[in-house]
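The exercises below ask you to work through charged side-chain pairs and strand pairing, step by step. Please keep the sequence and the structure at hand while you read the solutions.

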Amino acid sequence: MRRPSRSIPAALVLLGALTALAAPTPPRPTAPRATATSAPASPVPSAAAGAEVLRLRIDGIINAASASYISEGIAAAQGRGALALLIELDTPGGMLDSTKLMVKDLLGAPLPVIVYVAPSGATATSAGVFVTLAAHVAAMAPGTTIGAAHPVGSDGGDIEGDMREKVENATVSLGRSIAEQRGRNVDWAEKAVRKSVSVTEREAVKLKVVDFVADSVDDVLVKASGRTVSVQGKPVTLALAGAALVPFEMRLAQRFLDFLAHPNIAYLLLMAGLLGLYVEFTNPGVIFPGVAGTIALLLALAAMQLMPVNWAGLALIGLGVAMLIAEAFLPTFGVVGVGGIVAFVLGSLLLFETPDAAIRLDRGLIAGAAATLGGFALVVGWLVFKTQRQPSRGGAEGMLGEIGEVRRSDAGGRIKVFVRGEIWDADSVDALAVGDAIEVIGVDGLRVHVRRRTT
């Protein structure tokens, strides 16, 4: 019997190996992939129950009224024990003296102050730049801008000569000092003055001009929480999230002064006052124009106490008005009137002296006022000229041609006539009887010469 061949087992082994190679390889188990995860955010410090943040609003030109408002707001916030003071700001600028007072109060405030440039579309221009930089925390709403703090003249143009350098250097020093004290971008503060640079809210954050962008007032409190600021040299960590916002409004007197402290309003009051007094002086006894003009003039003077007034400009306005009035009564054929208009316009242009474009008169308003006063003087002059050409209604000349009636006529030739509400002694070239109509043909002292009226 033959022994089995060894080739069969070898073939089977080869077939098994080929089958194993052709079979799909099962997936190898892999270690779980590590995913990038952010560290858990630290919780935002929240305000204690009942905590308050006082909320103020400046919307318009910065003036003495708004400076007083900020000062009172800081005192009120401290008195209430508020955690902070929040100022919503939207301003085209304002008076430099008032701005300095506000900056002084903000830098020395006994509690944290937050300035929030809002709402969208708002600006912190010119003086508003310094107010924003002076805050412990500065924020801006989306769609807002800050910058353009370059000083300009009272006519809105650049200041020329040595005065430009003096004003510019003083303003730069103010901006740099504020930015340095609050740890903000000092170089940008200088550029805002020298080159009138202006940036959006996103650019302001990148340049470290403001701290962050916030969508709302509540968002400001949340984003400000956790920050440490220096309040009168002492570090204070803010915990404002959830604090109650308490509005603090301007007093009635402050709102009224804030309304008056606008160059156009003060100018209109000045014009109304001068016009009312002129009407009263030329028409004594009318009363109302004099009363209204006096009130308007006093309000104008009160408003000018809040603004940098050039008294030479005010004197030129007064001279111009006086010359326009004189033109109505003097035979100067328009020379005095033209000089009055020139003086009036020059005085109006020089009336307010300020390095801020926000505090200047509207040129259209000046032109309108000059045209109105010139036209008024022209009309009055024409009326005076027309009156002078009319026959005299007073004195002896005014009696000529008057019609009267005989009240007494006797045989002795004594005649009394009634003319213009009075009894006059008369003599006549005609025989007269009581009741006859007469006409005055002459006056001799207290006696009139008459004749019978034929028609």
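**Exercise 1.** Which residue in β16 is the bridge partner of D427?

*Solution.* The model is a predicted one, in which local features need pLDDT of at least 70 and side-chain atom pairs count only at pLDDT 80 or more, whereas totals for chains, interfaces and linings use all residues. Residues are numbered from 1 along each chain as its sequence is written, and side-chain values use heavy atoms, with hydrogens and water left out.

Begin with the elements: strands (E, at least two residues) and helices (H or I, at least four residues) are DSSP runs, numbered from the N terminus. Two strands count as paired if DSSP finds at least two bridges between them. Strand β14 and strand β16 (residues 447-452) run parallel and are joined by four bridges. Within β16, the partner of D427 is H449.

**Exercise 2.** Describe how β13 and β14 are arranged with respect to each other.

*Solution.* Strand β13 (residues 415-419) and strand β14 (residues 422-428) run antiparallel, with five bridges joining them. As a point of reference, I415 stands opposite A426 in β14. The two strands form a hairpin with two residues between them, and in the turn R420 has a positive phi of about 55 degrees. A salt bridge (a side-chain nitrogen of Lys or Arg within 4 Å of a carboxyl oxygen of Asp or Glu) also joins the side chains of K416 and D425, at 2.4 Å from N to O. With buried meaning under 20% relative accessible area, exposed over 50% and partly exposed in between (1.4 Å probe, protein chains only), D425 is partly exposed at 32%, and K416 is likewise partly exposed at 30%.

**Exercise 3.** Find what the salt bridge between R80 and E52 ties together, and then examine D211 and R184 in the same manner.

*Solution.* The side chains of R80 and E52 meet at 3.0 Å, N to O. Because R80 lies in helix α2 (residues 64-80) and E52 in strand β1 (residues 52-59), the pair ties together parts that are 28 residues apart in sequence. R80 is partly exposed at 47%, and E52 is partly exposed at 22%.

For the second pair, the closest N and O atoms of D211 and R184 are 3.2 Å apart. D211 sits in the loop between α7 (201-206) and β8 (212-213), and R184 in the loop between α5 (161-182) and α6 (186-194), 27 residues apart. D211 is partly exposed at 25%, whereas R184 is buried at 7%.

**Exercise 4.** How many salt bridges does the rule give?

*Solution.* The count comes to 17. A network of salt bridges links E168, R176, D187, E190 and R194.
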